[in-house]
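Thanks, everyone; I would like to spend a few minutes on the aromatic side chains of this chain, and then turn to one asparagine. Please have the sequence and the structure open while I talk.

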Amino acid sequence: MMKIGTLSVWFSCAAVGAAACASPPSTAGDEASGVSPLAATAVAGRDLAIALSLESASLPSALDRLGGGPPLLPPAWYNEVVRAYGETSVGSALESENLLADWRVVSLRLAPCAPLGLTPAHDVDRLCWPEVRLVWQPILPGFSDDNIGSDTHADDRAIHALYDAPPEAALGAADAARARELLAAVGAYNAAWSGGPYAPLGASELGEFVALRDQVTRALLDAALALRSGAIPASAYAGVGLRPESGKPSEEKALRGRLLGLFATYARPERLKALTSFSLPEGRQPALLDEWVFLSFRASGGTLVQENVTFRAPDDGRVLFDFGPSESASASRDDAAIYDVLDDPTDGPAIAESVILFNTDRARLAPVLADRGQRLVPNTSCASCHKLNPLRFDFHNFSYLEDRELTVSPRVVTDVALDLAWVASHAP
């Protein structure tokens with residue numbers, strides 16, 4: 001990764017202990033030694049990838065309200081997702097098999113700096129912004145039917161909600177407004193971009209953007225550390241997997257309270273950026289049904305607007321394929337429509353290098369698709385991004401399939417490692 005200066009991030013005394021706050025070393029000394037202050041912080045894998053136990057009675061609910069305000073998963077969003085699935089082979093599966101009250105946050109990702117560009121070449125180590133991603137699933141305690149009997153069952157569908165960290169979490173009114181102007185400028189540039197040199201901000205604007213972004217990143221990382229339990233050793237937060245509070249009811253309940261506090265700042269409905277979802281049709285037998293449908297939505301003032309499902313070329317960022325309102329895939333194949341263009345001399349080769357079209361593609365493409373240095377999420381199909389697990393019909397990246405243990409995709413493991421390296425070595 002490219003190094004770009006030094007980010008001076010010092011966390012609150014509550015997060016890292018009073019001794020760490022007593023006399024922070026000078027930033028100038030760190031710059032002189034080439035060591036980023038972040039390298040000494042306690043942020044770890046389970047701070048950035050937070051997985052909650054399927055069996056926990058304290059999973060945040062769609063009906064939870066943020067500080068007495070709006071529900072975490074607004075009914076209007078859910079109704080729009082249900083409506084969109086109604087026009088696919090999923091049909092009425094969500095209505096017949098799930099209620100809004102069944103949906104729980106099973107995991108979340110706190111990304112210190114999510115890329116804003118369209119390809120890995122788009123200066124993604126600087127042109128990035130902290131992001132919060134919530135993963136929702138319908139969780140059914142004590143569920144059983146003719147095919148399934150388990151203590152707790154997770155239906156094979158999910159909703160992923162993405163939020164840019166709000167500038168107001170760390171900045172005064174004037175700086176927050178300026179940060180939003182710069183973010184909007186990058187977004188408008190991306191929407192209009194048609195190739196060529198990628199420079200959404202001028203040199204002085206980029207420097208200004210980075211300085212503002214650093215402060216927002218600092219606040220998010222501080223909030224991540226503040227989620228920890230003081231009764232659990234810091235070493236327990238290393239790696240990627242279930243939070244160390246899991247299996248301890250009192251700790252799980254306390255973590256739930258801290259998470260709802262974080263959501264009140266970072267995941268308010270009006271701050272939603274985008275939402276995606278995938279679902280199995282009715283039947284709860286993924287290996288036999290063998291079909292997953294993907295949907296995509298953008299947010300406009302807290303309202304969901306369905307978008308076509310697309311992906312972009314990894315070299316120049318152009319839209320490489322448009323699936324239309326939904327993408328449908330099986331364990332061994334992608335959407336049928338994409339195979340019709342493989343012989344196209346212009347786009348066929350690029351598609352073949354970015355999408356798992358056949359089982360024989362997995363070994364070759366899985367390491368590529370798991371590495372955002374080679375492919376960003378927009379540079380592959382939704383199905384391919386969800387096909388990196390050893391169990392072919394497990395399309396989950398960081399959530400649950402039925403009553404099995406947590407699925408952690410190679411993409412998540414690699415992303416967390418890259419995030420930690422970014423925090424430790426960057427001066428964004």
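**Aromatic rings and one asparagine**

Let me begin with a group of rings, since Phe278, Trp292, Phe294 and Phe395 together make up one aromatic cluster. I should say at once that what we are looking at is a predicted model.

If we count ring pairs whose centres lie within 6.5 Å, we arrive at eleven aromatic pairs. One of them joins Trp129 and Phe209, whose rings are 5.6 Å apart centre to centre with 45° between their planes, a tilted arrangement. This pair links distant parts of the chain, with Trp129 in strand 3 (residues 128-141) and Phe209 in helix 8 (residues 203-226), 80 residues apart. Both Trp129 and Phe209 are buried.

Why is the pair of Tyr189 and Tyr198 called edge-to-face? The ring centres are 5.4 Å apart and the planes stand at 80°, and because planes over 60 degrees apart count as edge-to-face, the pair falls into that class. Tyr189 is partly exposed, at 24% relative accessible area, whereas Tyr198, at 17%, counts as buried.

A ring can also have a charged partner: Arg333 lies over the face of Tyr339, 4.0 Å from the ring centre.

Now to the asparagine, Asn389, which sits in the loop between helix 13 (382-385) and strand 12 (398-399) and, at 5% relative accessibility, counts as buried. Its side chain reaches the backbone oxygen of Asp394 at 3.0 Å. Beyond its neighbours within four places in sequence, Asn389 is in contact with several residues, among them Phe395, His396 and Pro410, and Phe395 brings us back to the aromatic cluster where I started.

Note on methods:
Residues are numbered from 1 along each chain as its sequence is written. This is a predicted model: local features need pLDDT of at least 70, side-chain atom pairs count only at pLDDT 80 or more; totals for chains, interfaces and linings use all residues. Side-chain values use heavy atoms; hydrogens and water are left out. Rings of Phe, Tyr and Trp (its six-membered ring) pair if their centres lie within 6.5 Å; planes under 30 degrees apart count as stacked, over 60 as edge-to-face and the rest as tilted. Helices (H or I, at least four residues) and strands (E, at least two) are DSSP runs, numbered from the N terminus. Buried means under 20% relative accessible area, exposed over 50%, partly exposed in between (1.4 Å probe, protein chains only). A charge sits over a ring if NZ of Lys or CZ of Arg is within 6 Å of the ring centre and within 35 degrees of the ring normal. Contact means heavy atoms within 4.5 Å. A polar contact is a pair of N or O atoms within 3.5 Å; within protein, one must be able to donate a hydrogen and the other to accept it, and residues adjacent in sequence count only if both atoms are side-chain atoms.
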